[in-house]
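This note is written for a student who is meeting the structure for the first time. Please keep the sequence and the three-dimensional view at hand while reading the numbered points.

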Amino acid sequence: MKWVAVILLVLALLLLWRMMFMGYRSRALRQKKEFPRPLGSRDWKGLRDAVDGVYVSTTDAENALDRIAAHGLGTRSAVSVGFVAEGVGLLRQGARSFVVPTADIVGVGHGPGMVGKWMGREKGLVVLRWKLGERVVDTGIKPRHPAEGARFAEQVEELVRTKDQQKPTDGSGGAR
């Protein structure tokens with residue numbers, strides 16, 4: 001009689017796992033209509049000032065618990081994050097690598113965690129805020145060495161400052 005209970009428990013767990021997988025896949029398919037596919041780099045050999053760590057996830061900036069599953073953005077992976085000609089490059093292992101164009105970077109900060117990884121420390125994660133289509137999203141990276149993460153965040157802040165200073169100030173808002 002015990003073996004019947006064990007078999008039923010295993011079947012229930014397999015069914016539950018399958019339902020969770022189908023729900024996540026369905027979410028990714030729905031979000032593909034909402035979010036454009038992030039750019040890839042033409043030259044990953046040009047990745048400079050790279051910081052190794054863990055890519056945690058990308059979430060909606062308005063709702064930190066809303067993970068973006070489309071285009072593999074919700075997949076946790078090892079990452080080397082640095083700078084390429086197009087902007088900030090995230091060279092991921094086992095998941096699709098992508099580039100955040102310089103024009104789309106909103107800012108950078110630190111946080112104690114996000115959906116998928118909670119550090120509990122004030123500056124455990126580097127959080128890159130950027131525009132993906134019409135929406136603003138946050139991408140969390142757990143650097144292997146906190147000092148490298150702080151250096152990377154300073155470099156991104158400088159990149160944002162430089163970008164903001166180059167915007168036209170003639171009152172046209174840049175539209176032509």
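**Notes on the structure**

1. In strand β3, R92 is the bridge partner of V79. The model in which this pairing appears is a predicted one. The strands concerned are β2 and β3 (residues 87-93), which run antiparallel and are joined by seven bridges. Together β2 and β3 form a hairpin, with two residues between them.

2. Strand β2 also pairs with β1. Six bridges join β1 (residues 48-60) to β2, and these two strands likewise run antiparallel. One position to find in the view is V54, which stands opposite A78 in β2. As a general point, the side chains of a regular strand alternate between the two faces of the sheet.

3. Is strand β2 largely enclosed or open to the surroundings? Strand β2 covers residues 77-84, and seven of its eight residues are buried, so the rest of the structure largely encloses this strand. The cut-off behind this reasoning is a relative accessible area under 20%, which is what buried means here.

4. The whole protein may now be considered. It has two helices and nine strands, and along the sequence these follow the pattern α-β-β-β-β-β-β-β-β-β-α. The C-alpha trace spans about 80 × 40 × 30 Å along its principal axes. Of the 176 residues in the protein, 37% are buried. The exposed surface of the protein is about 10,800 Å², and carbon and sulfur atoms supply 57% of that area.

5. Contacts across the sequence deserve a separate remark. Among the contacts in the protein with a separation of 6 or more, 60% are between residues 24 or more positions apart.

6. V99 offers a local example, and it lies in strand β4 (residues 98-101). With a relative accessibility of 1%, V99 counts as buried, because the cut-off for that class is under 20%. Which residues are in contact with V99, once its neighbours within four places in sequence are left aside? They are L39, G40, S41, W44, V84, E86, G87, V88 and G89. Between V99 and V136, which are 37 residues apart in sequence, the C-alpha to C-alpha distance is 15 Å.

7. E158 may be set beside V99. This residue lies in helix α2 (residues 146-165). The relative accessibility of E158 is 39%, and it therefore counts as partly exposed, a class that runs between the limits of 20% and 50%. E158 and H145 are 13 residues apart along the chain, and their C-alpha atoms are separated by 20 Å.

8. The final point concerns empty space. Rolling a probe the size of a water molecule over the atoms shows where such space is left. The largest pocket holds about 160 Å³ of space. Its lining consists of 16 residues, and those nearest the centre of the pocket are H110, K123, P146, G149 and A150.

9. Which element gives the most to the lining of the largest pocket? Helix α2 does, with six residues. At least two residues of the lining come from each of β5 (105-111), β8 (125-132), β9 (135-143) and α2. By residue type, the lining of the largest pocket divides into seven nonpolar, four polar and five charged residues.

How values were computed: Residues are numbered from 1 along each chain as its sequence is written. This is a predicted model: local features need pLDDT of at least 70, side-chain atom pairs count only at pLDDT 80 or more; totals for chains, interfaces and linings use all residues. Side-chain values use heavy atoms; hydrogens and water are left out. Helices (H or I, at least four residues) and strands (E, at least two) are DSSP runs, numbered from the N terminus. Buried means under 20% relative accessible area, exposed over 50%, partly exposed in between (1.4 Å probe, protein chains only). On a 1 Å grid over the protein atoms alone, a cavity is a set of points where a 1.4 Å probe fits but cannot get out, and a pocket is an open set with protein on both sides within 12 Å along at least five of seven lines; lining residues have an atom within 4 Å of a point. Grid points are joined across faces, edges and corners, and a volume is the space filled by probe spheres set on the points. Ala, Val, Leu, Ile, Met, Phe, Trp, Tyr, Cys and Pro count as nonpolar, Asp, Glu, Lys and Arg as charged, and the others, Gly among them, as polar. Two strands pair if DSSP finds at least two bridges between them. Contact means heavy atoms within 4.5 Å. Accessible areas come from the Shrake-Rupley method with a 1.4 Å probe; for residues, only the protein chains shown count as cover.
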